[in-house]
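Reader: I am in my first year and still learning to read structures like this one. Could you take a close look at a single part for me, the place where two of the chains meet, and then show me how charged side chains pair elsewhere?

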4 protein chains.
Amino acid sequence: MSDSLVIANQTFRSRLIVGTGKYHDRGVMRDALEASGAEIVTVSIRRVEIGAPGHQGLLEEVMGKYHLLPNTAGAKTAEEAVRIARLGRALTGENWVKLEVIPDPLYLLPDPIETYHAAKILLQEGFIVLPYIGPDPVLATKLGAIGCATVMPLAAPIGSGWGVKTRALIEVFLRLRDQLPPIVIDAGLGLPSHAAEVMELGADAVLVNTAIAEAKDPVAMAAAFRMAVEAGRKAYLAGPMTARETASPSSPVVGVPLVQPEAPV
Amino acid sequence: MSDSLVIANQTFRSRLIVGTGKYHDRGVMRDALEASGAEIVTVSIRRVEIGAPGHQGLLEEVMGKYHLLPNTAGAKTAEEAVRIARLGRALTGENWVKLEVIPDPLYLLPDPIETYHAAKILLQEGFIVLPYIGPDPVLATKLGAIGCATVMPLAAPIGSGWGVKTRALIEVFLRLRDQLPPIVIDAGLGLPSHAAEVMELGADAVLVNTAIAEAKDPVAMAAAFRMAVEAGRKAYLAGPMTARETASPSSPVVGVPLVQPEAPV
Amino acid sequence: MSDSLVIANQTFRSRLIVGTGKYHDRGVMRDALEASGAEIVTVSIRRVEIGAPGHQGLLEEVMGKYHLLPNTAGAKTAEEAVRIARLGRALTGENWVKLEVIPDPLYLLPDPIETYHAAKILLQEGFIVLPYIGPDPVLATKLGAIGCATVMPLAAPIGSGWGVKTRALIEVFLRLRDQLPPIVIDAGLGLPSHAAEVMELGADAVLVNTAIAEAKDPVAMAAAFRMAVEAGRKAYLAGPMTARETASPSSPVVGVPLVQPEAPV
Amino acid sequence: MSDSLVIANQTFRSRLIVGTGKYHDRGVMRDALEASGAEIVTVSIRRVEIGAPGHQGLLEEVMGKYHLLPNTAGAKTAEEAVRIARLGRALTGENWVKLEVIPDPLYLLPDPIETYHAAKILLQEGFIVLPYIGPDPVLATKLGAIGCATVMPLAAPIGSGWGVKTRALIEVFLRLRDQLPPIVIDAGLGLPSHAAEVMELGADAVLVNTAIAEAKDPVAMAAAFRMAVEAGRKAYLAGPMTARETASPSSPVVGVPLVQPEAPV
């Protein structure tokens with residue numbers, strides 16, 4: 001049985017990638033990561049670098065147990081992103097990088113120009129690049145064409161929990177999947193049903209952080225996302241029913257009145 | 001650990017109720033019911049009575065293994081529904097009945113007047129009544145007030161697979177839950193994410209038939225719905241994050257420009 | 001040129017019906033009614049009866065200038081609705097009545113059982129009955145069959161401004177239009193685009209009150225709704241384009257890559 | 001009375017910009033442009049250049065009567081767009097250009113990298129640049145910062161008629177409006193209600209082509225869009241009501257049961 005996620009020639013069973021930010025407690029984070037079933041875990045190298053709350057010793061915590069995905073959160077330009085990526089590689093020995101170039105302090109939306117520029121540089125330096133992008137299938141195709149290992153379009157702004165607000169464009173990604181590397185839906189998923197929805201559409205994986213870390217019970221929520229991602233993937237493979245124009249009666253009824261009219265009073 | 005569904009003083013672990021219609025193969029149905037984890041299974045007494053395809057020996061198949069929920073599908077009036085309910089009790093010894101009064105051959109929408117009337121009669125005759133209704137919180141409250149064991153509002157027309165098309169009104173049901181018996185979302189759910197969505201909102205259970213029976217692989221789809229219902233329930237109990245107006249930055253940013261403007265060219 | 005709305009054999013040019021509640025100022029109400037272009041105006045007989053704020057002299061204000069549509073707001077039962085309807089007829093000489101039977105103090109949702117019962121009584125007493133109902137096509141068909149002059153399903157709870165939250169079921173109403181009297185979308189429309197949307201779908205008219213009365217500038221908002229209703233109707237008659245699966249290129253492109261891949265870096 | 005649209009220091013009364021493609025008949029196009037009330041009309045210079053059907057003599061038809069907005073449709077790269085823009089200026093004497101760089105033959109989605117590059121070149125050459133873009137607020141801010149006269153995000157793919165499928169991101173544009181030039185919603189609007197919706201949100205203008213040209217009656221549809229755009233703008237200025245969590249009752253009702261329970265039967 002081999003429904004595996006393959007990124008840059010590495011094979012994963014889990015299609016849920018999780019983050020390590022926003023946890024109030026290291027033990028809770030540890031248990032939530034475990035409950036999520038994730039194999040890939042992303043860490044902010046910038047926050048590790050500056051010793052942000054919850055980030056001391058974080059690399060050591062995660063390395064070895066998970067496939068580490070250093071990210072460039074905090075970078076506002078291609079230059080900063082490249083610097084952080086290199087630092088991440090130096091700290092971890094890992095050449096994968098989740099590329100985030102985010103000049104927008106309010107909605108944390110990525111910069112397509114700087115992201116593309118940084119991706120080119122990082123690819124030339126031998127990184128495995130997983131870029132975070134807007135719901136832009138053309139940018140995704142360009143990033144795939146130069147060799148990015150995935151594309152990671154947002155469902156909604158990071159941390160918003162709004163859900164799948166870019167569905168029409170995500171559907172375009174999925175129709176173009178033979179021109180694209182694995183499609184990982186990143187950012188904005190607030191509930192397990194959001195994750196299931198994009199998996200049912202055919203996304204290859206999802207990345208979730210805030211919705212787990214900020215749940216009242218992060219460990220239970222991590223387990224819920226794990227099940228929802230598996231449910232969505234299983235449904236995609238199981239071949240869903242076709243939605244109908246009308247309801248589904250057991251015999252032909254065209255032209256039949258909806259109800260037998262009573263005589264007018 | 002006791003997050004149980006209680007209907008008419010009976011306790012269930014599973015919050016997924018499944019149907020037995022539209023299967024092309026008895027063995028597939030048997031495996032799908034098993035994979036769904038359902039404890040309550042509904043059967044059309046009218047189709048059993050007339051020996052409709054797939055319904056010969058169906059009662060014997062289901063009784064004993066599952067809590068049987070005879071339904072009155074095929075009834076267009078209260079009178080017909082009451083007749084079918086009595087027949088179901090005679091055939092099965094079971095006094096639970098899923099009350100469906102459906103005069104509409106196109107969209108299979110229920111008749112609120114006849115449903116209410118039939119519910120009164122059946123309650124007087126000692127039935128445990130689980131009525132299928134439109135997204136009508138007032139009707140639901142009235143049905144609860146006279147003693148119905150659940151209310152079962154539709155998400156969309158039966159068999160349509162459209163998903164949660166009545167969400168605003170289902171949310172009203174859930175805000176009124178202390179005035180209502182258990183709320184089971186019935187009809188129209190086409191994908192596991194639809195089931196997860198209503199469970200996250202706080203529904204007590206869902207009923208799914210067509211989306212499983214008409215999947216290309218019904219057994220896998222049943223398993224997917226099982227996981228999605230559990231994920232949705234778990235998320236509800238885990239206390240989801242609060243969706244935000246803006247994205248979630250790590251420091252206050254009010255008044256900061258979105259990007260640093262370059263000089264105009 | 002005769003795209004007229006016909007209700008109970010009376011012909012109207014305007015497809016926007018407006019209410020008279022919630023205005024803070026009689027002069028503003030007068031100007032808003034004028035700006036709306038409405039020919040039919042509904043008034044709460046119960047509020048007139050008890051002299052509620054803004055309702056003294058309201059009948060005199062409206063009668064003569066508009067086709068008066070007394071409503072039974074405040075009725076929680078069929079009995080109360082019938083009493084108020086009779087009072088309305090006595091006060092106004094008008095035998096039209098907008099039938100509202102609303103036991104729900106929070107969401108102002110109508111009671112289908114009591115509404116149907118009251119409609120039967122009022123029709124027998126010679127009233128022209130326009131019932132306010134939930135998004136229930138079966139109830140609508142029954143009310144049409146006994147002789148109601150319109151059906152008035154809600155888009156969302158009264159005064160909520162949520163918009164068209166019952167669209168899937170309103171579409172069912174419209175597909176069944178040859179079995180129904182004129183379909184007037186009532187309640188919950190908060191913006192002109194909401195009104196345009198249901199008119200484009202083929203609704204015969206809309207009723208708007210709160211969205212006009214509670215706008216910062218009710219007179220301008222009334223004019224905006226007038227234009228939007230006309231725009232929606234005109235679009236319905238003009239025959240909208242067909243939405244496409246893909247975008248609309250000028251030449252066939254199947255199998256063409258989305259972008260010409262650059263060489264990997 | 002001065003609610004004007006100002007683009008590049010020119011003032012317009014109409015907030016509806018229309019296209020000239022896809023008409024089957026020049027006379028119908030002429031009447032539809034007239035009925036739309038538009039002051040700005042966009043023309044494909046590439047189609048004029050190659051003498052595409054319906055484009056012979058089109059410039060002469062439009063110039064003088066309307067503010068001409070040459071567009072670069074057909075350009076797949078920045079280089080091609082710049083060439084077409086220069087040709088447009090040579091043919092028309094007009095230095096405005098609607099910048100479209102579209103490598104995607106299926107969904108006609110724009111290329112953010114090439115668009116940004118072309119905008120820089122065209123601005124340096126003295127063009128007034130109105131770029132067509134994806135729903136990308138960061139790209140928009142960058143284009144505004146270098147001097148573009150508007151930003152024109154898509155509601156959905158060109159010609160799709162899907163409606164406002166990028167609403168969450170369009171709302172971000174509008175919250176950032178003080179950092180942006182006028183926001184013109186371009187592409188994908190299929191119905192007047194779609195146009196009204198974005199105008200109510202605060203968009204400065206909309207651009208519509210296919211939805212008018214492919215209507216069964218383009219002239220009537222043009223008039224419908226005109227009214228809808230005016231209605232949406234008027235509603236925006238009139239200050240809409242606030243949508244409510246519950247419906248709007250006339251007196252406080254917290255804790256009151258939804259309906260008075262009857263005695264259980």
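Author: What follows looks at the contact between two chains, then at some charged pairs and at one serine. Please keep in mind throughout that this is a predicted model.

Let us begin with chain B and chain C, whose contact takes 25 residues from chain B and 25 residues from chain C. The area buried between the two chains is about 2100 Å², and carbon and sulfur atoms give 77% of that area. On the side of chain B, the residues that lose the most area to chain C are Tyr107(B), Ile113(B) and Val138(B), which together make up 25% of what that side buries.

Charged and polar groups also take part in this contact, since the count between chain B and chain C is two salt bridges and the count of residue pairs in polar contact is four. One of the salt bridges joins Asp111(B) to Lys142(C), with the closest N and O atoms 2.6 Å apart. Helix H5 (112-124), helix H6 (137-145) and helix H7 (167-175) of chain B are the elements that give two or more residues to the side touching chain C. Sorted by class, that side of chain B has 17 nonpolar, one polar and seven charged residues.

The way the two copies are arranged can be described with a single operation, for a rotation of 180° with 0.0 Å of shift along its axis superposes chain B on chain C, with an RMSD of 0.0 Å. That is the relation of a two-fold axis, and the same surface serves both copies, as 100% of the contact residues of chain B recur in chain C.

We can now turn to the charged pairs. Side chains of opposite charge can pair when their charged atoms come close. Over all chains, a search of the whole structure finds 64 salt bridges, and among them is the one in which the side chains of Glu49(A) and Arg83(A) meet at 3.3 Å, N to O. Glu49(A) lies in helix H2 (residues 45-50) of chain A and Arg83(A) in helix H4 (residues 78-92) of chain A, so this pair ties together parts that are 34 residues apart in sequence. Glu49(A) is partly exposed, because its relative accessible area is 38%, and Arg83(A), with 39%, is partly exposed as well.

Another pair in chain A is Lys98(A) with Asp186(A), whose closest N and O atoms are 2.9 Å apart. Here Lys98(A) sits in strand S6 (residues 96-99) and Asp186(A) in strand S9 (residues 184-186), so the salt bridge ties together parts that are 88 residues apart in sequence. Both Lys98(A) and Asp186(A) are buried.

In chain B, the side chains of Glu61(B) and Arg26(B) meet in a salt bridge at 3.9 Å, N to O. Glu61(B) lies in helix H3 (residues 58-62) and Arg26(B) in helix H1, so the pair ties together parts that are 35 residues apart in sequence. Glu61(B) counts as buried because its relative accessibility is 18%, whereas Arg26(B), at 22%, counts as partly exposed.

Helix H1 of chain B, residues 26-36, also holds Ser36(B), which counts as buried because its relative accessibility is 1%. The side chain of Ser36(B) reaches the backbone nitrogen of Ala38(B) at 3.0 Å. If its neighbours within four places in sequence are left aside, Ser36(B) is in contact with Leu16(B), Val18(B), Ala222(B) and Arg226(B).

Definitions and conventions: Residues are numbered from 1 along each chain as its sequence is written. Chains are lettered from A and ligands numbered from 1 in the order in which they are written. This is a predicted model: local features need pLDDT of at least 70, side-chain atom pairs count only at pLDDT 80 or more; totals for chains, interfaces and linings use all residues. Side-chain values use heavy atoms; hydrogens and water are left out. Contact means heavy atoms within 4.5 Å. Buried area is the accessible area (1.4 Å probe) that two parts lose on being put together, summed over both. A salt bridge is a side-chain nitrogen of Lys or Arg within 4 Å of a carboxyl oxygen of Asp or Glu. A polar contact is a pair of N or O atoms within 3.5 Å; within protein, one must be able to donate a hydrogen and the other to accept it, and residues adjacent in sequence count only if both atoms are side-chain atoms. Helices (H or I, at least four residues) and strands (E, at least two) are DSSP runs, numbered from the N terminus. Ala, Val, Leu, Ile, Met, Phe, Trp, Tyr, Cys and Pro count as nonpolar, Asp, Glu, Lys and Arg as charged, and the others, Gly among them, as polar. Buried means under 20% relative accessible area, exposed over 50%, partly exposed in between (1.4 Å probe, protein chains only). Copies are superposed by least squares on the C-alpha atoms of residues with pLDDT of at least 70 in both.
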